[in-house]
Protein chains: 2
Amino acid sequence: MTMQQRATLEDVARLAGVSSKTVSRVFTHRELVAAETVERVLTASKRLRFRPNPLARGLRRGGATNTVGFIIGELSNPFYYKVAAGIERELALSGLSLVVATTDDSPEGEERVAEALLGQRIGALLLIPVADDQSYLEGERHLGTPVITIDRPARNLVADSLVLANHRGVFDATTRLLARGHRRIGYVCNPASVYTQAERLRGYRDALAAYGITDSARWERLADDLSVPAERLVADLLEGPDAPTALITGNNRITIGALRVLRGRPDEGSIALVGFDDFDTADVLGVTVVSYDPVELGRSAARLTIERTRDPAGFTRQLELPTWVVERGSGERAPDERTSV
Amino acid sequence: MTMQQRATLEDVARLAGVSSKTVSRVFTHRELVAAETVERVLTASKRLRFRPNPLARGLRRGGATNTVGFIIGELSNPFYYKVAAGIERELALSGLSLVVATTDDSPEGEERVAEALLGQRIGALLLIPVADDQSYLEGERHLGTPVITIDRPARNLVADSLVLANHRGVFDATTRLLARGHRRIGYVCNPASVYTQAERLRGYRDALAAYGITDSARWERLADDLSVPAERLVADLLEGPDAPTALITGNNRITIGALRVLRGRPDEGSIALVGFDDFDTADVLGVTVVSYDPVELGRSAARLTIERTRDPAGFTRQLELPTWVVERGSGERAPDERTSV
DNA sequence: GGCCACGATGTCAACGCTGTCTAAGTCTGT
DNA sequence: ACAGACTTAGACAGCGTTGACATCGTGGCC
């Protein structure tokens with residue numbers, strides 16, 4: 001196979017019998033070139049398969065690349081990839097492309113990966129913060145690179161952010177369970193110390209407090225070590241005389257873990273369950289969830305990014321995306337008389 | 001907020017009291033610079049937050065960017081993203097980054113998006129072909145951009161490809177059902193005309209043929225229009241006196257559709273079911289599937305890409321990734337005596 | 001008829017970096 | 001003390017493109 005050389009403006013210019021500048025103009029300010037010349041240049045370009053070199057163009061124009069970086073924990077997690085998909089869709093409408101980089105949800109990975117992306121002169125940086133501190137991005141922000149965080153606010157960094165109505169969603173879900181008569185409501189999550197989970201937990205506690213229940217700690221099973229399986233936390237909660245009649249799970253991993261545990265138990269059909277995050281087969285399994293639109297989360301983040309690119313010095317904004325309860329049965333069970341007080 | 005100017009080699013050189021070439025050397029061939037000079041340059045770089053401009057570097061070095069493009073069909077399918085995750089992981093090990101672009105599974109989208117990515121001078125192009133013809137990439141291949149197709153071979157284009165052992169997986173699954181006594185085995189898929197589905201269907205037919213069954217068309221429900229819901233195809237198959245005792249579904253969308261249909265039926269527990277593609281809650285639902293490792297598919301594709309980049313003119317390769325049956329109960333049911341012949 | 005405005009094209013330099021070549025300094029061995 | 005080798009650093013050009021500015025011809029207008 002013979003490797004050809006890539007054609008440049010100069011090559012096209014020679015073939016079309018014009019100067020390279022004219023060819024350049026055809027590809028940028030076509031209206032300044034006579035129609036007949038445009039025609040000739042385009043024919044020549046097609047023949048040589050010419051494509052403007054974005055490196056040279058970017059260098060000359062002195063700007064960043066038209067790529068946006070997205071730092072993501074784990075691309076195979078449905079939440080993350082749906083967000084990524086939304087971002088990509090929205091960026092594509094503005095002719096931008098998306099570079100994804102994963103960190104395996106590790107704080108050290110975040111900074112390392114951010115450095116790598118910034119080294120590529122991305123036009124903006126989107127990230128789902130994992131580390132406790134994003135101040136390492138401060139310098140870059142001053143150089144004009146917009147930074148937008150998704151799902152969690154940045155810490156020690158002024159940045160736009162887009163989060164879910166975590167508190168509201170869990171508050172509503174808990175209130176519904178209370179309204180159906182549940183009083184012993186369990187809450188399981190892992191990891192518990194991240195922003196989203198802290199907000200959800202607050203929603204749960206606030207709802208209980210509104211019903212005068214302040215000792216919910218008994219029914220909370222919070223872990224931080226991801227190696228602790230969701231199954232163990234749920235199983236532990238369901239043991240003992242004080243077992244809850246309803247269960248709220250902080251994310252879809254825990255929800256699925258809870259389903260595994262409940263599956264083998266005699267009280268499977270009697271414990272109410274509401275999970276945070278929707279998932280593909282939740283309807284088949286009849287699981288009530290606090291839902292939201294992850295694709296829309298990505299799209300909104302992308303829109304925010306584009307706005308910020310146009311006005312780098314404007315006021316930063318913190319937006320919240322709605323969540324809602326989707327009733328599918330598991331959350332609408334009344335407390336089991338045999339076990340309730 | 002004051003926008004700062006980005007530092008260049010020249011700025012660093014001035015501050016460190018050396019020439020810009022020396023600074024350049026520090027960032028590329030450090031071993032050619034005296035240790036003490038390196039020290040001074042690095043201090044100056046850090047102070048000015050200098051980062052080499054990849055555009056200028058890329059332009060000068062005359063190569064492509066260190067980005068690999070991946071064209072992905074639609075956003076809601078986990079398969080694509082698991083593959084993307086594998087690609088990203090593997091590329092990161094070699095310091096490459098991944099740009100993703102989606103096409104909505106439309107053939108026209110594929111070419112348009114490919115053009116957009118190639119315009120960015122990506123170092124290689126990975127894609128899951130949707131269009132019937134990839135000859136539009138022929139020119140680019142001659143310019144040295146490696147093209148690797150995943151899941152399906154390219155058509156009218158010489159390119160490396162990586163596919164699943166589709167035939168083998170379905171052949172095995174069907175054979176197992178036959179061995180358990182099933183003789184009326186249904187096969188549902190949509191879309192049916194794509195390569196992967198054609199291969200799977202072949203696996204199904206070949207297995208039946210080995211048992212002397214050649215009139216399987218009666219139990220095949222193949223559609224090509226994605227707007228035909230999987231539920232309808234499955235429901236249609238299960239009606240009538242000739243209803244199958246076992247069911248094979250061509251992909252996870254159909255499998256989940258089948259579960260929805262079966263859920264409400266009296267014979268729910270008696271019809272054997274084997275789905276192609278694993279999915280998150282398949283274990284909870286006890287669904288037997290033909291499984292494979294999509295992340296590994298991505299990783300292998302990335303490795304192939306890297307090898308091809310090193311040896312652009314070498315022989316193209318077609319690799320196949322294994323598939324296997326995961327037994328979870330639904331596929332191990334014997335034919336129901338009441339309905340079997 | 002001379003002047004200006006305007007459209008269409010060209011010339012030149014520079015974006016930031018690195019390969020090639022050269023120069024200056026340092027160290028051997030005789 | 002000096003040629004030769006080796007180390008270290010700088011000068012220069014050019015990667016492909018585009019902004020600033022120049023040029024040239026045409027036509028309209030006083």
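**Two chains and a sheet**

Guide: Let's start where the chains meet: in this predicted model, 47 residues of chain A are in contact with 48 residues of chain B.

Visitor: Which element of chain A gives the largest share of the side that touches chain B?

Guide: That's helix H5(A), with seven residues. Other elements giving two or more residues include helix H4 (54-61), helix H6 (107-119) and strand S2 (97-102) of chain A.

Visitor: How many residues on that side of chain A are nonpolar, polar or charged?

Guide: You'll find 24 nonpolar, 13 polar and ten charged.

Visitor: What joins S2(A) to strand S2 of chain B?

Guide: Pairing is read from bridges between strands, and here three bridges do the job, with the two strands running antiparallel. Look for A:Leu98, which stands opposite B:Val100 in S2(B).

Visitor: Now the sheet in chain A. In what order do its six strands come?

Guide: Read across it: S7-S6-S8-S9-S10-S12, an open sheet with mixed pairing. Strands S7 (220-222) and S12 (324-326) of chain A stand at the edges with a single partner strand each, so one side of each has no neighbour in the sheet. From one strand to the next, the twist averages 15°.

Visitor: How do S6(A) and S7(A) run, parallel or antiparallel?

Guide: Parallel, joined by three bridges. For one of the partners, find A:Val188, whose bridge partner in S7(A) is A:Arg221.

Visitor: And which strands does helix H9 of chain A touch?

Guide: H9 (residues 195-210) packs on the sheet against S6, S8 and S9 of chain A, and its direction makes about 175° with that of S6(A).

Note on methods:
Residues are numbered from 1 along each chain as its sequence is written. Chains are lettered from A and ligands numbered from 1 in the order in which they are written. This is a predicted model: local features need pLDDT of at least 70, side-chain atom pairs count only at pLDDT 80 or more; totals for chains, interfaces and linings use all residues. Two strands pair if DSSP finds at least two bridges between them. Helices (H or I, at least four residues) and strands (E, at least two) are DSSP runs, numbered from the N terminus. Axes are lines fitted to C-alpha atoms, for helices over the stretch in contact, and angles run from 0 to 180 degrees between N-to-C directions. Two residues are in contact if their C-beta atoms, placed from the backbone, lie within 7 Å. Ala, Val, Leu, Ile, Met, Phe, Trp, Tyr, Cys and Pro count as nonpolar, Asp, Glu, Lys and Arg as charged, and the others, Gly among them, as polar.
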